[in-house]
Amino acid sequence: MRVKKKWMIILLLILCLGCTKVEENLEIKKLGTNKKEPPNLMIAIGEQTIRAVSGTYSWSYYEGQADEITHVEADTAPPPELVNTENVTTVHSDAEVSLLFDYSPGDYTVRVWNSEKAIASYKKVELAAYEGIVIYEIEANWEQGTASYAFAVDIE
């Protein structure tokens, strides 16, 4: 009878260890693509394409054989200090805007900045509401984390 209990305990331990491995594999899948840094972002406005400048991000990925998660926090200057407003692309206020990420985020928010702070927040890039040089920030969310991007345009 004792031998059977001993084998039952060993069997339960083996099953529990197997469950732990399954949980680790599920955790890997939760991180999605498992890239080491956020994707790049290009902005298509009409026929023109603008490369957004990478900003602050908080990102996690599995290192090596998926043994441990590495978490990176990168802080940058605010969007008005990241973009060059000297040589901006001129766009028409009625142009169609597309955000072209290397891989799509779960969601994102668009902010418009003046020289000091965010002054408006949208679900998409709004050109028609502004005129002149405008600074935009895109904050995007993925399973692996959050990243922000900035770009400036001169709206006619």
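# Strands, sheets and aromatic pairs in a predicted model

Strand 1 and strand 6 are paired in the antiparallel sense, and 5 bridges connect them. The structure described here is a predicted model. Within the pairing of these two strands, Leu-41 has Phe-101 of strand 6 as its bridge partner. Strand 1 covers residues 41-45, and 4 of its 5 residues are buried, so that the strand is mostly covered.

Strand 1 also has a second partner. Together with strand 2 (residues 48-51) it forms an antiparallel pairing over 4 bridges. Here Met-42 stands opposite Arg-51 of strand 2. The two strands form a hairpin with 2 residues between them, and in this hairpin Gly-46 takes a positive phi near 60°.

These pairings belong to one open sheet of 3 strands, in the order 2-1-6, with antiparallel pairing. Strand 2 and strand 6 are its edge strands, since each of them pairs on one side only. On average, neighbouring strands of this sheet are turned by 25° against each other, direction ignored.

## The protein as a whole

How many helices and strands does the protein have? The protein contains 2 helices and 10 strands. Along the sequence, they follow the pattern α-β-β-β-β-α-β-β-β-β-β-β. The protein has 156 residues, of which 31% count as buried. Its accessible surface comes to about 10300 Å², and carbon and sulfur atoms hold 52% of this area. Among the contacts with a separation of 6 or more, 64% are between residues 24 or more positions apart.

## Strand 10 and its partners

Is strand 10 largely enclosed or largely open? Of its 11 residues, 9 are buried, and therefore strand 10 is largely enclosed by the rest of the structure. Strand 10 takes part in several pairings, which are listed below with the sense and the number of bridges of each.

| Strand paired with strand 10 | Sense | Bridges |
|---|---|---|
| Strand 3 (residues 53-63) | antiparallel | 5 bridges |
| Strand 5 (residues 89-91) | parallel | 3 bridges |
| Strand 9 | antiparallel | 11 bridges |

Individual residues show how these strands are placed against one another. From strand 3, Ser-54 stands opposite Tyr-149 in strand 10. From strand 5, Val-91 stands opposite Ile-155 in strand 10. Glu-139 has Ser-148 of strand 10 as its bridge partner. Strand 9 and strand 10 also form a hairpin, with 2 residues between them.

In general, the side chains of a regular strand alternate between the two faces of the sheet.

## Aromatic pairs

A pair of aromatic rings is described by the distance of the centres and the angle of the planes. Rings whose centres lie within 6.5 Å count as a pair. By this rule the model has 7 aromatic pairs. Why is the pair of Tyr-103 and Trp-142 edge-to-face? The planes of the two rings stand at 65°, with centres 6.2 Å apart, and the pair is therefore edge-to-face; an angle over 60 degrees is what this class requires.

The two residues of this pair come from separate parts of the chain. Tyr-103 is located in the loop between strand 6 (97-101) and strand 7 (107-113), whereas Trp-142 belongs to strand 9 (residues 132-142); the pair therefore ties together parts that are 39 residues apart in sequence. Tyr-103 and Trp-142 are both buried.

A further aromatic pair consists of Tyr-136 and Phe-151, which is stacked, with 5.1 Å from centre to centre and 15° between the planes. Tyr-136 lies in strand 9 and Phe-151 in strand 10 (residues 145-155), so this pair ties together parts that are 15 residues apart in sequence. Tyr-136 counts as buried because its relative accessibility is 0%. Phe-151, at 2% relative accessibility, counts as buried as well. The cut-off behind this reasoning is a relative accessible area under 20%.

Which residues form one aromatic cluster? The cluster is made up of Trp-59, Phe-101, Tyr-103, Tyr-108, Trp-142 and Tyr-149. Several of these residues have already appeared above: Phe-101 is the bridge partner of Leu-41, Tyr-149 stands opposite Ser-54, and Tyr-103 and Trp-142 form the edge-to-face pair.

Terms used
Residues numbered from 1 in each chain as written. Predicted model: local features only at pLDDT ≥ 70, side-chain atom pairs only at ≥ 80, totals over all residues. Heavy atoms only, no water. Phe/Tyr/Trp six-rings, centres within 6.5 Å; stacked < 30°, edge-to-face > 60°. Buried < 20%, exposed > 50% of the residue type's maximum accessible area, 1.4 Å probe, protein only. Pairing = 2+ DSSP bridges. Contact = heavy atoms within 4.5 Å. Areas by Shrake-Rupley, 256 points an atom, 1.4 Å probe, with all protein chains shown as cover. Axes fitted to C-alpha atoms, helices over the stretch in contact; angles between N-to-C directions.
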